[in-house]
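User: I have this model open next to its sequence and would like a close look at a single part of it. Could you take me through one helix and what surrounds it?

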Amino acid sequence: MARILALNAAYFLRTGGHFVLSIKANCIDSTMPAGKVYDSEVDRLRADLLKPAEMVTLDRFERDHACVVGSYRVPKKQKTSA
């Protein structure tokens, strides 16, 4: 899922654009615990110039689901001289 998001972000998002990714852990790897699947997907996002801002598990509503919100190619802040 993270790879598909990265490909679409490169094609459709501007620098600084935002994304929302819904992760269903059982669809990615049913042999690993859900928490490890979430962590591996977030690591893949970081490797592809995506900056996750927040991840929320949806266990209260749906088992083994999470939602990740973040930005694409966040520009670095410029220092202002005083």
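Analyst: Happy to! Please keep in mind that this is a predicted model. Let's take helix H3, which runs over residues 34-47. H3 has 14 residues and reaches 20 Å from its first C-alpha to its last, close to the 20 Å expected at 1.5 Å a residue.

Now look at which side chains are covered. The buried residues of H3 are Ala34, Val37, Tyr38, Glu41, Val42 and Leu45. They cover an arc of only 135 degrees around the axis, which puts them on the same side of H3. The spacing makes sense in general terms: an α-helix has 3.6 residues a turn, so residues three or four places apart point the same way. Turn to the other side of H3 and you will find Lys36 and Ala47, which are exposed.

What does the buried side meet? Its residues pack against two helices, H1 (2-12) and H2 (25-28), and against the strands E1 (18-24), E2 (50-57) and E3 (65-72).

Those strands are worth a moment. E3 pairs with E1 in the antiparallel sense over seven bridges, and E2 and E3 also pair in the antiparallel sense over seven bridges. To find your place in these pairings, look for Ile23 opposite Ala66 in E3, and for Val56 opposite Cys67 in E3. E3 itself is mostly covered, with six of its eight residues buried.

One loop residue also touches the helix. Asp64 lies in the loop between E2 and E3, and it counts as buried because its relative accessibility is 15%, below the 20% cut-off for that class. Leaving aside neighbours within four places in sequence, Asp64 is in contact with Ala34 and Tyr38, both of them among the buried residues of H3. The other contacts of Asp64 on that count are Ile23, Lys24, Ala25, Asn26 and Asp59. Ile23 is therefore a handy landmark, as it touches the buried Asp64 and stands opposite Ala66 in E3.

Finally, follow the chain out of the helix. H3 is followed by Leu49, whose phi is positive, near 65 degrees. Beyond that comes E2 (50-57), one of the strands that the buried residues of H3 pack against.

Note on methods
Residues are numbered from 1 along each chain as its sequence is written. This is a predicted model: local features need pLDDT of at least 70, side-chain atom pairs count only at pLDDT 80 or more; totals for chains, interfaces and linings use all residues. Side-chain values use heavy atoms; hydrogens and water are left out. Helices (H or I, at least four residues) and strands (E, at least two) are DSSP runs, numbered from the N terminus. The expected span of a helix is 1.5 Å times one less than its number of residues. Buried means under 20% relative accessible area, exposed over 50%, partly exposed in between (1.4 Å probe, protein chains only). The arc is that of the directions from the helix axis to the C-beta atoms. Contact means heavy atoms within 4.5 Å. Two strands pair if DSSP finds at least two bridges between them.
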